[in-house]
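Work through the exercises below with the structure open beside you. Try each task before reading its solution.

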Amino acid sequence: MNGFETYSAQSWLVDCLTRHPPVVEEPKSRRSGSPTSAITRVLSSLTICAAMSVASFATAAVSAAPVNASQHRYQADQNIVVELPTAYWSRAIAEVRSWRTVEEPEVTDPPLLF
Amino acid sequence: MAVPSWWESALKSALSQGDVVQKIPFCGVTAPATFLRWLTLRGGRPGWEEVPAPVLRPSDQRKYFLANGDILPGLVISHDCDLDKQRANGKVLLAPIASIQTLEPAMRSTVLDQKHLALLPLPLVPGLGDSYADLRSITPVPRELVLDSERVVSMNPSGVDRLYAQLFKFTMRREP
């Protein structure tokens, strides 16, 4: 479990794809030939899915099953399967969790400006 | 030791993250929410009246609420990429700015010591002096209003990095 299973398919996929698309680790030949091929595949899947039913996709729960160390396969509504990289997320989550909590000074906040 | 400036010597060519802009109408919806409906008063004068639930204004298909606010300088929070996008009804995120002198002395020291997570010190803003930006009140403002406002100064790369650090700490309460 990686903590993302409860996210709606739409919000999580769109966020992942729009913010951090270039982290797919592919064989060199594919990367050099088409650096965004994996993203294109996913976007194509999303387009098809959106055409089928935007509303149902937006609320569909996503189940996850590990494929390999750097990639998970996500399935929504038993119809559309998309492949998403999780390497970035794993690194980012581990990194952020290693950071220390900032200690706030004991002060009375000033009033808001408006 | 000389304090490195956070400001460019000249304005960047286009509105940018970290810019200080003047006379921004900051506002927030009142609580409890008061819904308004546009109507024509006697003599054809435009007016608004309170209604129990939000309604669409026919001319622009928007809903209207009562808000309170103030006209203040603002710090551009939106990223340059978002600022460059020409979207209909586009908004720019801004944090209101006030003079550091408006704070109580103890709070003034806390802010200048860079210990308050929500209040970003802005040293020596040209024309404004030592100031602070209040991240608690980051507000979306219509893009056209911001573009029509007077730009005071742009942040240099060090200033923008400082802004990033403050935004991260304020929203996450964590640091590496």
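Two residues are in contact if their C-beta atoms, placed from the backbone, lie within 7 Å. Keep in mind that this is a predicted model.

**Exercise 1. Take stock of the two chains.**
Task: State how many helices and strands chain B has, and do likewise for chain A.

Solution.
Step 1. Chain B has four helices and 12 strands.
Step 2. Chain A has four helices and four strands. From the N terminus on, their order is α-α-α-β-β-β-α-β.
Step 3. Turn to burial. Of the 176 residues of chain B, 28% are buried. In chain A, with 114 residues, the buried part is 14%.
Step 4. Look at contacts with a separation of 6 or more. In chain B, 71% of these join residues 24 or more positions apart. For chain A the figure is 52%.

**Exercise 2. Judge the confidence in chain A.**
Task: Find which element of chain A has the lowest mean pLDDT and which has the highest.

Solution.
Step 1. Begin with the whole chain. The mean pLDDT of chain A is 53, and 22% of its residues reach 70 or more.
Step 2. Among its elements, helix α2 (residues 28-33) of chain A is lowest, with a mean of 36, while β4(A) is highest, with 88.
Step 3. Now scan for weak stretches. Residues 1-10 of chain A have pLDDT below 50, and beyond near neighbours in sequence this stretch has 16 contacts in the model. Residues 21-78 of chain A are also below 50, with 70 such contacts.
Step 4. Apply the caution. Where pLDDT is low, predicted coordinates should not be read in detail.

**Exercise 3. Describe where the chains touch.**
Task: Say how many residues each chain gives to the contact and which element of chain B gives the largest share.

Solution.
Step 1. Chain B gives 23 residues and chain A gives 12 residues.
Step 2. On chain B, the elements that give two or more residues are β1 (20-29), β6 (67-76), β7 (91-99), α2 (105-112) and β12 (174-175).
Step 3. β6(B) has the largest share, four residues.
Step 4. Sort the chain B side by class: nine residues are nonpolar, six polar and eight charged.
Step 5. Look for strand pairing across the chains. Strand β4 (residues 100-101) of chain A pairs with β12(B) in the antiparallel sense, over two bridges. Arg100(A) has Glu175(B) as its bridge partner.

**Exercise 4. Trace the partners of β1(B).**
Task: Find how many bridges join β1(B) to β6(B) and how many join β1(B) to β11(B).

Solution.
Step 1. β1(B) and β6(B) run antiparallel and share eight bridges. Here Gly28(B) stands opposite Asn68(B).
Step 2. β1(B) also pairs with strand β11 (residues 151-153) of chain B, antiparallel, over two bridges. Val20(B) is matched with Val153(B).
Step 3. Pick out one residue, Pro25(B), in strand β1 of chain B. Pro25(B) has 16 C-beta neighbours inside 10 Å, so it counts as partly exposed.
Step 4. Leaving out residues up to four places away in sequence, Pro25(B) touches Gly69(B), Ile71(B) and Leu145(B).
Step 5. Compare sequence with space. Pro25(B) and Pro73(B) are 48 residues apart in sequence, with 8.7 Å from C-alpha to C-alpha.

**Exercise 5. Order an open sheet.**
Task: Give the strand order of the open sheet of four strands in chain B, and explain why β3(B) and β4(B) each have a side without a neighbour.

Solution.
Step 1. The order is β3-β2-β5-β4, with antiparallel pairing.
Step 2. β3 (46-51) and β4 (56-57) of chain B are at the edges. Each has a single partner strand, so one side of each lacks a neighbour in the sheet.
Step 3. Move inward. Strand β2 (residues 35-40) and strand β5 (residues 62-65) of chain B are joined by two bridges. Phe35(B) has Phe65(B) as its partner.

**Exercise 6. Read the two sides of α4(B).**
Task: Find which residues of α4(B) are buried and which are exposed on the other side.

Solution.
Step 1. Helix α4 (residues 157-172) of chain B has 16 residues and spans 22 Å, close to the 22 Å expected.
Step 2. Its buried residues are Gly159(B), Leu163(B) and Gln166(B). They cover an arc of only 65° around the axis, so they lie on the same side of α4(B).
Step 3. On the other side, Pro157(B), Ser158(B) and Tyr164(B) are exposed.
Step 4. The cover over the buried residues includes β8 (119-125) of chain B.
Step 5. Just after the helix, Arg173(B) takes a positive phi of about 60°.

Conventions. Residues are numbered from 1 along each chain as its sequence is written. Chains are lettered from A and ligands numbered from 1 in the order in which they are written. This is a predicted model: local features need pLDDT of at least 70, side-chain atom pairs count only at pLDDT 80 or more; totals for chains, interfaces and linings use all residues. Ala, Val, Leu, Ile, Met, Phe, Trp, Tyr, Cys and Pro count as nonpolar, Asp, Glu, Lys and Arg as charged, and the others, Gly among them, as polar. Two strands pair if DSSP finds at least two bridges between them. A residue is buried if 20 or more other C-beta atoms lie within 10 Å of its own, exposed if 12 or fewer, and partly exposed in between; C-beta atoms are placed from the backbone. pLDDT is the predictor's confidence in each residue, from 0 to 100. The expected span of a helix is 1.5 Å times one less than its number of residues. The arc is that of the directions from the helix axis to the C-beta atoms.
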